[in-house]
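Hi everyone, thanks for coming. Let me walk you through a structure that may be new to you.

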Amino acid sequence: MIKYDVMIIGGGAAGMFAAAVLAESAPSLRVLVLEKGPKPLVKVRVSGGGRCNLTHQCTDIRAFTQNYPRGGRELIGAFHRFGPAETRAWFETHGVPIVTLEDGCVFPRSDTSLDVISALMNTARRGQTEIRTSAEVSRIRFFDGGVEVTIGERGSETGRCLLVATGGGAFPEGIDHAIEPCVPSLFSFNTPDRDFTALAGIVVQAVQLGGPGGIKAEGELLITHTGVSGPAVLRLSSFGARGLAETGYRFDMRINWQPGQREEQVCESLTAHKQTAPRQQTGTWSPLGLPARLWKLLLERAGVDETCEWGACPLTAIRRIAAQATAFTLPISGKNRHREEFVTCGGIRLKEVDFRTMQSRVHPGLYFAGEVLDIDALTGGYNLQAAWTTAHLAAEAILAQSD
Ligand SMILES: Cc1cc2nc3c(=O)[nH]c(=O)nc-3n(C[C@H](O)[C@H](O)[C@H](O)COP(=O)(O)OP(=O)(O)OC[C@H]3O[C@@H](n4cnc5c(N)ncnc54)[C@H](O)[C@@H]3O)c2cc1C
C-alpha cells in the first residue's frame, strides 16, 4: 500500500516551500519531507549573512533572468506564473513584512532569516506534513503508480509522487536523469602577485574583466589581501563557472581599468594630458581617474618612473601605460569563498524537465525544484527566487494531479 501522497526529498528552501504550499492548499494530503540533516532550512538560516536576501526587485522579468547564467531562459515563463512579486506577496501574507534596499535586494523587515523559517514551518505544519530529519534518501525506485525511497540503510517509504529538492550537487541513486557536471559558482580569486595584493582595500567602480575562453564581465572590483573580489569578479566566476573549472582556477585575468576604451583611445588621452601638463610628474595623480596607489603600480609595470615628467615621457612609454590601463594581466592561482555564499553550477539537465509543471519528462510523478536543477544565479536574492518559483510550480502541478 502506498503510504504518502507526496514525498519530498530535501528540507531546504525549495522542499519546505513546496511543503508549505501543499499543506495550505490541500491540508488532507499526506506529505512526507525527508531531510538528511538534523534540521530543515539550515541554508536559509545562514543566507544573506543571517538576514536572508529572499528575492530581488523586479521591474521586467526578461531583464531579471539575465542574472541567471544557467536556467534564465527556462525561468521566463515560470517567473510569469510565480515570480518575485508573488514571492513578496506570499511572505507578506504569511507574517513576514518585506523591505527592498536601494540595491534592489529584498529582505524581511525584521532583518532575520528566522522569520522566513517560521513562516515556512508554520504553514507546512497546517496540513498533515511529516518532517523527518536525519533521514538521508540513498535510493529511488519507481514502480507502477508510485515511487519508493530507501532511507539510509534502514527503512523505506512509498508515495504516489516525489519531489526531489536536494540542493546543489546531491543526487540520490536511481534518479535516472541526465546530470550536467557540477562545479562551483560565485567565488573570488587569489593571485600570487604580492605587489597587487599590497593594494588591498582599493575599490575601482567600473572595470572590464576577461578570462579563459573569451568570458567577460563588467562592474565594480575590490582588491583584497589575497586577490580580487566584488561584483565584476562574482559575475565572471558565475558566467564562466565551467571554463574556469577546466583551468583548475589558474589563468591570466585581463583587467581593463578603463572599460569601453581601447589602448589607442587611452594613449590619445594620455598624450593630450602630456601636452597640457608637461612639467607634472607622472606619479602625481592619475589622469585616468584611478586610485593613486594603483596608478603607481601601472606606471611601474609600464617601466615608467613616477618622478618622470609627462613632457619627458616618450610615446612608447605612454603606449606601455595605456596597455597596462586597458589590458593589465593578473595571474590567478586559485579561488576563494565569497562571504561564505556559494552555489552550484550544474545539476539535472533542464531539457528533461517540463517547466510548466517541474515534472520529469522521463518519469511521470517525479518533480524537481531548487538548486538540484542546472539553475544558478548571481548574488542578490536570485538563487532563492529560483527555489521559491520552481517549488511553487511543482506544488501547483502536484495539487492539480491530486484533484
Ligand atoms: C552561506 C550561503 C548564503 C546564501 N545566501 C543567499 C541569499 O541571501 N539569497 C539567495 O538568493 N541565495 C543565497 N544562497 C543560495 C541559496 O541558499 C540556495 O540557492 C538555496 O538554498 C537552494 O535551495 P534548495 O532547497 O534547492 O537547496 P538547499 O537549501 O541546499 O536544500 C537542500 C536540502 O536537501 C537536503 N538533502 C540533500 N540530499 C539529501 C538526501 N539524499 N536525502 C535527504 N535530504 C537531502 C540537504 O541537507 C538540504 O537541507 C546562499 C548560499 C549559501 C551557501
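I'll start with the ligand, then turn to the domains and a few strands.

A quick word on the basics: residues are numbered from 1 along each chain as its sequence is written. This is a predicted model, where local features need pLDDT of at least 70, side-chain atom pairs count only at pLDDT 80 or more, and totals for chains, interfaces and linings use all residues.

So, what surrounds the ligand? The shell holds 37 residues, each with its C-beta atom, placed from the backbone, within 6 Å of the ligand. The closest are Gly 10, Gly 12, Gly 48, Gly 167 and Gly 370. Helix 1 (13-25), helix 2 (42-46) and helix 13 (382-402) each give two or more residues, and helix 13 has the largest share, with four. Helices here are DSSP runs of H or I, at least four residues, and strands are E runs of at least two, numbered from the N terminus.

Next, the domains, whose bounds come from an automatic or database assignment. The protein chain has domain 1 (4-183 + 346-402), domain 2 (185-255 + 333-337) and domain 3 (263-329). The C-alpha centres of domains 1 and 2 lie 31 Å apart. Their contact (C-beta atoms, placed from the backbone, within 7 Å) takes five residues from domain 1 and nine from domain 2.

Finally, strand 15 (residues 251-256) is antiparallel to strand 12 (residues 203-210), joined by three bridges; pairing needs at least two DSSP bridges. Here Arg 254 partners Gly 210. Strand 15 also pairs with strand 16 (residues 328-332), antiparallel, over five bridges, with Asp 252 opposite Pro 331.

Note on methods: Contact = placed C-beta atoms within 7 Å.
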